[in-house]
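Open your viewer and keep the selection box at hand. We will move from stop to stop, selecting as we go.

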Amino acid sequence: MAARTITFREAINEAMRLEMRRDPTVILFGEDVAGGATLPHMEGENKEAWGGVLGVRTGLAPEFGRNRVLDTPISESAFIGAAVGAASTGLRPIAELMFIDFLGVCFDQIFNQGAKLRYMFGGKAQVPMVVRSMIGAGFRAAAQHSGCLYSIFTHIPGLKTVVPSTPYDAKGLLSAAIRDNDPVMFFEHKLLYDIEGEVPEDNYTIPLGEAEVKREGSDATIVTVGRMVHFSLEAAEKLANDGVNVEVVDLRSLSPMDGDTILDSVKKTHRLVVVDEDNPRCSLATDVIALVADQAFDYLDAPCKMITAPHTPVPFSPGLEDAYIPSVESIVSTVKSFTG
Amino acid sequence: MSTIGIIANPASGKDIRRLVTHASVFDNLEKSHILRRVFLAIDALGVPQVLYMPDYDGLVEKALKGLKLSLKADQLHMDMWADERDTTEAARQFCEMDVGCIITLGGDGTNRAVAKACSEIPIVAISTGTNNVFPSMIEGTVAGMAAGMAAREMVDVDRFTYVAKRLEVYVDDQMAEIALIDVVVCTELFVGSRALWDPHRIREIVLARAEPDCIGMSCIGGLLHPLGPRDPQGMYVRLGGGNTTVLAPVGPGLISKVDTREYRLLSLGEEVVLEPAACTIAVDGERQLEVFAHQKIRVRLTNRGPRVVDVRRYLYEASRRGVLRTVVK
Amino acid sequence: MSLTKEKMLEAYATMKKIRLFEEKVAGLFAEGKLPGFVHLYAGEEAIATGVCAHLSERDYITSTHRGHGHCIAKGVDINSMMAEVYGKATGACKGKGGSMHIADVDKGMLGANGIVGAGGPLACGSGLMAKTLGTDQVTVCFFGDGAAEQGTMHEAMNLACCWILPVVFVCENNGYAESTPWGYHCAAKNIADRGVAYDMPGVTVDGTDFFAIYETAEEAIGRARRGEGPSLIECRGFRYYGHFEGDAMLYVTEEEKKRNRARDPIENFKKRATERGLLSEEQIAELDSKVAAIIEEAFKFAEKSAWPENKEVLTDVYVNYP
Ligand SMILES: Cc1ncc(C[n+]2csc(CCOP(=O)(O)OP(=O)(O)O)c2C)c(N)n1
Ligand SMILES: [Mg+2]
């Protein structure tokens with residue numbers, strides 16, 4: 001497979017494009033996904049004015065037309081619910097919830113419908129849908145456009161939750177999510193869109209529920225996802241200069257979760273730090289630590305540590321927001337506090 | 001000649017009178033449904049082409065959605081302003097194209113804007129406004145059938161039209177506006193929300209029609225001395241400070257005691273000079289001109305209005321002639 | 001229409017403040033001085049101004065992501081607004097909310113809002129307060145054409161009518177929800193018509209005509225104040241700037257932009273008010289320079305204000321985590 005360097009944004013676009021070419025039942029809808037393509041002066045030329053707020057869908061409307069790339073009114077309940085209905089009757093919809101914070105408007109359709117149909121109907125329904133959504137702080141977008149919130153979805157049985165950190169992972173995981181027969185919440189950190197990485201041109205999938213060790217080490221394990229993978233790798237680099245070798249485990253999906261990789265790593269390093277951009281209560285951080293406490297307590301040489309955002313909404317002012325987001329320094333000092 | 005022009009006003013029936021009176025709501029979906037029936041009737045009569053004014057609310061497109069028609073429905077090419085300029089421009093184009101007749105959906109204001117440019121083309125006016133005198137409450141199907149017969153010249157329509165009266169408003173000797181029913185001097189300084197509903201803010205009224213069975217300014221006159229569309233007269237009424245009051249329905253469900261000082265009849269061609277003042281002039285129920293005390297305002301009653309189809313008489317004649325009758329052998 | 005000379009002066013100053021504030025913000029944003037994104041209200045000044053002219057400080061409004069105009073019209077301090085857009089400690093929300101969340105509850109401004117359609121239910125709440133406590137306070141809910149499609153707005157309009165609340169719903173139909181045209185996202189292509197569905201009057205007005213809005217809002221707010229229930233006013237207009245700053249507005253044709261420029265609400269107001277002799281050219285010029293100074297002062301205030309201290313991250317919220 002020929003690979004070349006593309007951005008995270010392009011990788012996601014490419015996964016959708018290739019899956020849509022491969023399978024005519026894959027459709028995409030959400031607010032401004034065709035981006036003004038419905039306007040009379042745009043018609044015929046199949047142009048688009050936006051391709052989404054941050055341009056992730058550029059080129060999809062022109063290629064697949066308006067029957068497969070649909071703008072929606074600002075009616076999240078209706079169109080997320082429509083994805084559930086369409087998925088359980090034969091399509092593989094990708095519904096785009098622009099910012100994850102908007103989940104509040106449509107939570108019932110995800111939580112009571114999408115997540116539960118298969119179980120409630122005794123296995124007679126499948127809901128092969130993907131909800132793609134932007135997450136994360138650092139964009140100066142304030143409290144209602146900056147959450148991570150993946151922990152909330154991880155709490156819900158029936159949903160799969162995926163948080164990619166690299167272009168390569170994003171493409172492979174999204175393809176897998178689209179082909180998966182369960183509802184998948186796919187989270188894209190908005191500050192990762194511009195990062196670049198090697199990505200094969202062809203279609204490939206990365207199984208959901210497989211973590212990846214992004215850096216090997218022996219002194220401590222950092223378990224993390226999304227943008228925090230990059231922070232953790234940067235911290236690992238700094239720690240290596242001081243002779244501390246940390247292992248960085250990128251979970252990639254939170255549901256299903258790759259417990260084996262976490263446990264294997266902790267058994268090797270005997271120390272665990274979880275770096276999580278989400279709020280701390282009932283979260284990815286507490287979940288991973290609970291697993292380790294439950295199944296690998298005897299291997300631990302130190303208390304597990306969690307580095308998370310504080311238990312507050314995301315503030316607007318740049319200095320406050322930077323203070324809110326877990327920092328590379330805090331990772332370095334936390335690891336040092338028990339390897340030191 | 002055998003084409004029909006359609007002008008449907010998306011804005012009619014939505015003004016402030018829903019707040020300040022008890023006006024009915026004419027929702028745009030209903031306008032589209034009426035248009036649908038109009039189209040089906042026209043199509044049944046074999047009219048090959050219908051031209052229509054585009055509008056931002058897409059009334060006609062909605063009406064045509066899913067309809068299987070033999071006729072061709074074409075939208076006029078024109079710049080849109082989303083106000084009455086659109087209506088006048090559409091009427092001008094219809095006139096240039098010499099369509100067989102124009103169907104209007106709207107109120108008095110809509111027809112006034114059509115009348116500015118439609119010349120001799122007969123109008124079938126369907127009421128979809130608030131309190132209208134000019135257009136009639138007529139079923140769309142029936143209006144469409146009449147228009148179809150007129151366009152196809154099945155029965156000569158000219159004999160069943162009447163020429164409406166027209167009031168011409170001159171500001172400093174320039175014709176600034178026309179009206180088909182009434183010209184009203186309102187003491188408000190700004191056009192604002194346009195509608196009139198408070199007789200205390202009305203000073204003078206010039207009427208082309210004074211109809212006691214209508215709502216609005218026309219009725220104030222109508223209760224003093226009725227004048228129908230074909231009477232060759234108009235009326236001037238001065239309100240305030242007089243000794244005659246009339247109990248008039250000035251708006252839907254809004255009945256007020258209106259204090260009148262004097263009234264007099266006007267004959268065709270006669271002019272009234274309005275009292276100078278800073279005020280607004282309303283035409284056919286809508287404040288339209290903001291005028292100043294130094295300006296000289298004259299209103300002239302003429303018979304230069306549009307030609308209006310009397311649908312009922314026309315269809316009776318069509319029946320008498322058996323135009324839609326076929327004897328099966 | 002209860003329009004006095006004083007009211008007109010005030011209205012002009014308010015509209016001008018909104019325009020200059022937005023122009024200043026656009027400039028600062030282009031210079032890279034402002035964090036995040038900003039949604040500008042320029043072009044829609046007549047709506048907030050014409051409506052809020054009938055409200056006192058005790059009345060409430062709910063707003064949208066495009067909230068600067070509503071704030072100014074409701075009397076929120078301009079210095080604190082500019083500082084908030086910067087994220088400074090002196091901001092209306094101590095820099096914690098930013099452009100999309102400017103609020104001043106003391107002035108009856110229940111916040112710009114990042115969630116489209118969220119204002120409707122909040123407005124029902126403050127309406128319910130007024131009704132329950134028997135005050136004559138009115139709440140105005142501003143919302144966009146895009147927001148009109150949100151379930152929350154439908155639910156709120158229905159609830160307000162069920163409970164006969166003193167709420168006026170003002171839809172600012174500027175033709176677009178981000179890049180999606182109103183003709184696409186609104187199936188029935190008319191928002192005022194929806195009043196019928198909830199049993200309230202629905203009126204459409206020209207959203208660029210201050211006088212029309214002022215007169216209509218006066219009647220609707222009066223109706224609400226008298227306890228006669230909610231109304232819906234759809235104001236049709238446009239926005240001059242993109243959805244947010246940085247949006248190149250490819251979805252709007254040049255002709256449309258030109259047509260909009262010809263309908264400028266402030267120019268229109270100025271022309272008619274001066275022709276009438278109610279405002280003089282001198283008064284306008286004086287106000288223009290006064291307003292320009294106010295905006296410049298706000299800019300300087302924001303620039304020289306301090307950033308919030310980091311400990312602010314943990315205040316104004318119940319934090320219970322060891
Ligand atoms: C629940 C929710 N969905 C989507 C968005 C993203 N969004 C922000 S503004 C906007 C368009 C709003 O359009 P409209 O209501 O017409 O207001 P306008 O921007 O035109 O003033 C969208 C889709 C959001 N903020 N909240
Ligand atoms: Mg809008």
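Start by selecting ligand 1 and Asp145(C). A polar side-chain atom of Asp145(C) sits 2.7 Å from an oxygen atom of ligand 1. That is a polar contact (a pair of N or O atoms within 3.5 Å; within protein, one must be able to donate a hydrogen and the other to accept it, and residues adjacent in sequence count only if both atoms are side-chain atoms). The protein covers 98% of the 580 Å² of accessible area that ligand 1 has on its own (Shrake-Rupley method, 1.4 Å probe; for residues, only the protein chains shown count as cover).

Before moving on, know what you are viewing. This is a predicted model, where local features need pLDDT of at least 70 and side-chain atom pairs pLDDT 80 or more, while totals for chains, interfaces and linings use all residues. Residues are numbered from 1 along each chain as its sequence is written, chains are lettered from A and ligands numbered from 1 in the order written, and side-chain values use heavy atoms, without hydrogens or water.

**Around the ligand**

Add Gly146(C): one of its polar backbone atoms is 2.7 Å from an oxygen atom of ligand 1. Add Tyr176(C) too, with a backbone N or O atom 2.8 Å from a ligand oxygen.

Now show the residues near ligand 1 (a heavy atom within 4 Å). There are 22 around it, and among those that come nearest are Glu76(A) and His65(C). Because the surrounding residues come from chains A and C, the site is shared between chains.

**Buried cysteines**

Next, select Cys101(B). Why does it not bond to Cys118(B)? Their sulfurs are 11 Å apart, too far for a bond. A disulfide needs two cysteine sulfur atoms within 2.5 Å, and the structure holds zero over all chains. Cys101(B) is buried, at 1% relative accessibility (buried is under 20% relative accessible area, exposed over 50%, partly exposed in between; 1.4 Å probe, protein chains only).

**Ring pairs**

Colour the aromatic rings. The structure holds 19 aromatic pairs over all chains (rings of Phe, Tyr and Trp, its six-membered ring, with centres within 6.5 Å; planes under 30 degrees apart are stacked, over 60 edge-to-face, the rest tilted). Zoom to Phe211(C) and Phe269(C). They are stacked, 5.4 Å centre to centre with 10° between the planes. Both are buried. Finally, add Phe190(B), Tyr12(C), Phe210(C) and Tyr214(C), which ring pairs link with Phe211(C) and Phe269(C) into a cluster.
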